[in-house]
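Dear colleague,

Please find below the sequence and the structure that I am handing over to you. My notes on what was found follow directly after.

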Amino acid sequence: MQGTVATYDPQTRSGTLLLDDGTEVAFPAAAFDASGLRLLRLGQRLKIEHGSSGEVSRITLPGLV
């Protein structure tokens with residue numbers, strides 16, 4: 001699944017993504033920390049990975065493993 005960065009707070013390392021259907025999905029600091037990324041830009045496209053209970057567990061750049 002992929003989404004576009006709608007909000008991002010570098011102090012809390014959390015934010016929200018917009019899916020292609022307009023649904024807003026929040027991601028916690030733990031998902032950002034698991035990404036290995038150093039920063040995000042508004043409008044940036046990201047791949048979303050979900051944990052076993054459905055929470056966003058990791059965000060990465062599309063095409064990265």
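**Strands and sheet**

Strand 1 (residues 2–9) and strand 4 run antiparallel and are joined by three bridges. Please bear in mind throughout that this is a predicted model. Within this pairing, Gln2 has Lys47 of strand 4 as its bridge partner.

The pairing belongs to an open sheet of five strands, whose order is 3-2-1-4-5 and whose pairing is antiparallel. At the edges lie strand 3 and strand 5 (56–60), each of which pairs on one side only. On average, neighbouring strands of this sheet are turned by 40° against each other, direction ignored. As general background, strands of a sheet pair through backbone hydrogen bonds, either parallel or antiparallel.

**Nonpolar core**

The largest nonpolar core holds 14 residues, and those that touch the most other members are Leu17, Phe27, Phe32, Leu40, Leu46, Val56 and Ile59. Two or more residues of this core come from each of strand 1, strand 2, strand 3, helix 1, strand 4 and strand 5. In soluble globular proteins, nonpolar side chains tend to be buried together.

Leu17 may serve as an example of how such a residue is surrounded. Residues up to four places away in sequence being set aside, Leu17 touches Thr4, Val5, Ala6, Thr23, Glu24, Val25, Phe27, Leu46, Ile48 and Ile59.

**Salt bridges**

How many salt bridges does the model contain? The count comes to four, and three of them are described here, beginning with Asp20 and Arg45.

The side chains of Asp20 and Arg45 form a salt bridge with an N to O distance of 3.0 Å. This pair links distant parts of the chain, 25 residues apart: Asp20 is in the loop between strand 2 (14–19) and strand 3 (24–27), while Arg45 is in strand 4 (residues 45–50). Asp20 counts as exposed because its relative accessibility is 64%, which lies over the 50% cut-off. Arg45, by contrast, is partly exposed, with a relative accessible area of 29%.

The other two salt bridges described here involve Glu49. One of them joins Glu49 to Lys47, at 4.0 Å from N to O. The other joins Glu49 to Arg58, with the closest N and O atoms 3.5 Å apart. Through these shared partners, Lys47, Glu49 and Arg58 form one network. Each member of the network is partly exposed: Glu49 has a relative accessible area of 25%, Lys47 has 26%, and Arg58 has 23%. In general, side chains of opposite charge can pair when their charged atoms come close.

**The loop between helix 1 and strand 4**

Two residues of this loop deserve your attention, namely Gln44 and Ser35.

Gln44 lies in the loop between helix 1 (29–33) and strand 4. Is Gln44 buried or exposed? Gln44 counts as buried because its relative accessible area is 12%, under the 20% cut-off. A polar atom of the Gln44 side chain lies 3.0 Å from the backbone nitrogen of Arg41. Neighbours within four places in sequence left aside, Gln44 is in contact with Gly3, Thr4, Val5, Leu39 and Leu61. Between the C-alpha atoms of Gln44 and Gln11, which are 33 residues apart along the chain, the separation is 18 Å.

Ser35 is placed in the loop between helix 1 and strand 4 as well, and Ser35 is also buried, at 11% relative accessibility. A polar atom of the Ser35 side chain lies 2.5 Å from the backbone oxygen of Phe32. Not counting residues up to four places away in sequence, Ser35 touches Arg58 and Ile59. Arg58 thus appears both in the contacts of Ser35 and in the salt-bridge network.

**Two further residues**

Arg13 is found in the loop between strand 1 and strand 2. The phi angle of Arg13 is near 60°, a positive value in a residue other than glycine. Arg13 counts as partly exposed, with 33% relative accessibility.

Gly63 is located in the segment after strand 5 and is exposed, with a relative accessible area of 77%. The C-alpha atoms of Gly63 and Leu46 are separated by 9.4 Å, and the two residues are 17 residues apart along the chain.

With kind regards

Conventions:
Residues numbered from 1 in each chain as written. Predicted model: local features only at pLDDT ≥ 70, side-chain atom pairs only at ≥ 80, totals over all residues. Heavy atoms only, no water. Helix = DSSP H or I, 4+ residues; strand = E, 2+ residues; numbered from the N terminus. Buried < 20%, exposed > 50% of the residue type's maximum accessible area, 1.4 Å probe, protein only. Contact = heavy atoms within 4.5 Å. Polar contact = N/O pair within 3.5 Å; in protein donor to acceptor, adjacent residues only side chain to side chain. Pairing = 2+ DSSP bridges. Axes fitted to C-alpha atoms, helices over the stretch in contact; angles between N-to-C directions. Core = buried A, V, L, I, M, F, W, Y, C linked by side-chain atoms within 4.5 Å.
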